[in-house]
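The exercises below ask the student to read a protein model step by step. Each task is followed by a worked solution.

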Amino acid sequence: MSEHATRRSLLKQAAALGAALAFGQSCAHTPVGPRTERRDLFPQGVASGDPAPESVVLWTRRAPDEGASAHRLVVEVANDEAFTRIVARGDVEVSAATDWTCRFLAAGLRPAREYWYRFVDEAGNNSRVGRTLTAPTTNDDRAVKFAFVSCQDPTNSALNAYRRMIYEDVRRPRAEQLSFVLHLGDFIYEMIRYPEDTPDGLDRGRRLRDGFRYPTGKKIRRFNYPTDLNDYRAAYKNFLADPDLQDARARWPFVPVWDNHEFSWQGYQSAEVAFSEVHPGQTLKVAASQAWYEYQPARVTKPGAGDPFEAPAVTNAPLTDRDARGVYQEPNNLIAIRALRIERAFRFGKNIDMILTDNRSFQSAPIDGSGLPSMEFGFTPETANDILEAGRVYPGGAPATIRIGEAEVPNPQINEPPQAYLGIEQMAWFKDRLRAAQAPWKIWGHSFGTLTWRSDPQNLPPEFATTWPSTEYGDYNRSYVVEHAEIFGMVRDEGITGLTTVVGDKHSFWAGYLSETLPPRAFEPVGLEFVTGSISQAGGAEVQAITFPRDNPLRPFYVHDRPDGTKQCALNTTILHGVRAALALRDTDDPAAARAASNPDNAPHLKFVDFGGYGYSTVRASPEELETEFVCIPPPLERSETEDGGPLRYRVIHRVSRWSPGERPELRQEIVEGDVELAI
Ligand SMILES: [Fe+2]
């Protein structure tokens, strides 16, 4: 192709992403004359995203000068940090239409290379310099390493985990450095507290920062929620003011997907939900999607041909008429949830096929549990859970009633579609991509994960018998049995190997096996799952240590009070080893004695669970082995003053060798440093 034809085809590619093109060295608007670095004019820093072998997306925001209706920005991409060898330039006008943000597709680059980029305005003011990396080609079989992260909230904590990530990465040989950061969502939290919302400016022991206020906003209980596009934009601007997040985005390309908080805490599809109160939120969903598009450099499909997100007109109308997987067919809903498509897939070198799903836009409405008796031990008996999850497609026919403990109650889901989150269309796409994946490691970026979280209260000693009048295991989380059976069944039946889900959302570290069912039914691992601890948002152990009532008899299953007055996370033990192990821990204060009392059938799918962990995780994929590292730091209440981001709590590696069809994956665990306490 001639350079002219190449440029034309790249321009088309860039336009499809809403990006301007940076290609070749000529650029009409390159400012001549003196340059000054003015980070204050680029207050959200710079970023890059979705690296491919020959291109990467570059991003910044130029805050408007007073009275300005637009600014013109040039991007320069260079082979060296001093910008002596510039390889691509491009220019674009930014304005209020994109909240002064811009995207460039930097193209014509070489694979698996390091590049530097900066933005220059019409007056010669420079942004900081960013570093980015292109992807290796599909025949490059060198090992690749990436990080996965989630759940950051600078309104109540510090992003020390990014400092630690940078500190470790710059000290590694180039071949062992991170190629990108997969962000699995909760990049922002839309429900925030202002310091004045609590008497002492503290939220469960965390200091609320006096960062920003929603321009409009609304209050539900003591939380503040966004109401429109400008509110969401304000959240991104404030979260991105964090210096450690800015340093991370300036060091690696990010690959972002959203979880729930980019739109609405308990929301699903276009429904806005807080404290179980449901409001039609089509306009809000579109606004949340627009702000995400404006602030995340990613190869996603948005409405409109140019850079601005042309928000489709929608009305906040009640959701009606579900399809077979619970997606509401109300036209405004369909328009709102399809306004920005973030599901995507890419090959990364020879060793990784990455598939990223949107787990929230097509998620079914939750089970209506209002008529169900609640069990004192807060789990749901397994059979009842399966009936509720499967709804009208429960194998053998949905029963009219469900037994929960001693009560037989009407089945509220008897006419409902199953609990689901991919939707029919995305499920078909996902299965196609998984079948087509050629790399040894098929990585599914999954915002909230698939591992069953259960315990064995049927084994409680008589003193607790009233809390669990059932002979079954108890399930805690929404388990999406129908969709997971469909996917894991396909993986098993078609002999697909190397499937590994990497997960955020849970504010805890987990390592385990994907299995459609657990004992007393078959335990058949078909893949692996790794969940990363939150970057900073509060996890279960931190919250329960403060809020779990001292006189609640179930306390030993959540909080272990040690004789010296300190606390440990007994929930880890309850989930990994069952209730008798948690009681042994209470009685002996000895983790080994607790593990000796383990019920091996409770969680054969779990190797590691820590609700007290914060930090980040990495994956290293080579042709024969996958290695996942958990890097755990203490609760990041205040910003670390040291360059390393503060102390480590522990570092744990799980390795798995490539397995063949018909074989089971086998995890090997190595505690490299620190004390994992009750996480094993
Ligand atoms: Fe989160």
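**Exercise 1. Compare the make-up of two annotated regions.**

Task: State how much helix and strand is found over residues 146-587, and do the same for residues 44-134.

Solution. The model is a predicted one. Step one concerns residues 146-587, where the chain is 26% helix and 18% strand. The C-alpha atoms at the two ends of this stretch are 42 Å apart. In an unreviewed entry, UniProt lists residues 146-587 as "domain: PhoD-like phosphatase metallophosphatase".

Step two concerns residues 44-134, where the chain is 0% helix and 52% strand. Here the end C-alpha atoms are separated by 23 Å. The UniProt annotation for residues 44-134, also from an unreviewed entry, reads "domain: Phospholipase D N-terminal".

**Exercise 2. Describe the protein as a whole.**

Task: Determine how many helices and strands the protein has, and decide how its radius of gyration relates to the globule rule.

Solution. First, the elements are counted: there are 13 helices and 37 strands. Next, the radius of gyration is 25 Å, and the globule rule gives 26 Å for 680 residues; these values are close, so the protein is as compact as a globular protein of that length. The C-alpha trace spans about 80 × 60 × 55 Å along its principal axes.

The interior is then considered. Of the 680 residues, 52% are buried. Finally, among contacts between residues at least 6 apart in sequence, 72% join residues at least 24 apart.

**Exercise 3. Analyse the packing of two helices.**

Task: Give the angle and the axis distance for helix 3 and helix 5, and state whether their crossing is left-handed or right-handed.

Solution. A packed pair of helices is described by the angle between the axes and the distance between them. Helix 3 (residues 229-239) and helix 5 (residues 282-295) pack at about 35°, and their axes lie 8 Å apart. The crossing of helix 3 and helix 5 is right-handed. Helix 3 contributes Leu229, Tyr232, Arg233 and Tyr236 to the contact, while helix 5 contributes Ala287, Ala288, Gln290, Ala291, Glu294 and Tyr295. Sorted by kind, the residues of this contact are seven nonpolar, one polar and two charged.

**Exercise 4. Examine backbone features in loops.**

Task: For aspartate 186 and tyrosine 480, find the sign of phi and decide whether each residue is buried or exposed.

Solution. Aspartate 186 is placed in the loop between strand 12 (181-183) and strand 13 (202-203). Its phi is near 55°, a positive value in a residue other than glycine. A residue is buried if 20 or more other C-beta atoms lie within 10 Å of its own. Aspartate 186 has 25 such atoms, and therefore it is buried.

Tyrosine 480 lies in the loop between strand 27 (474-475) and helix 9 (481-493). Although tyrosine 480 is not a glycine, its phi is positive, about 50°. With 22 other C-beta atoms within 10 Å, tyrosine 480 is buried.

**Exercise 5. Classify one more loop residue and one peptide bond.**

Task: Decide whether alanine 96 is buried or exposed, and locate proline 520.

Solution. Alanine 96 lies in the loop between strand 6 (86-94) and strand 7 (101-106). Alanine 96 has 11 C-beta neighbours inside 10 Å, so it counts as exposed. Its C-alpha atom is 9.7 Å from that of alanine 68, 28 residues apart along the chain.

Proline 520 is in the loop between strand 29 (509-514) and strand 30 (527-531). The peptide bond from proline 519 to proline 520 is cis, with omega near 10°.

How values were computed. Residues numbered from 1 in each chain as written. Predicted model: local features only at pLDDT ≥ 70, side-chain atom pairs only at ≥ 80, totals over all residues. Axes fitted to C-alpha atoms, helices over the stretch in contact; angles between N-to-C directions. Helix = DSSP H or I, 4+ residues; strand = E, 2+ residues; numbered from the N terminus. Left-handed = near helix turned anticlockwise from the far one by under 90°. Contact = placed C-beta atoms within 7 Å. Nonpolar A, V, L, I, M, F, W, Y, C, P; charged D, E, K, R; others polar. UniProt positions renumbered as here; feature names shortened; annotations may be inferred. Rg over C-alpha atoms; globule rule 2.2 N^0.38 Å. Buried ≥ 20, exposed ≤ 12 C-beta atoms within 10 Å, placed from the backbone.
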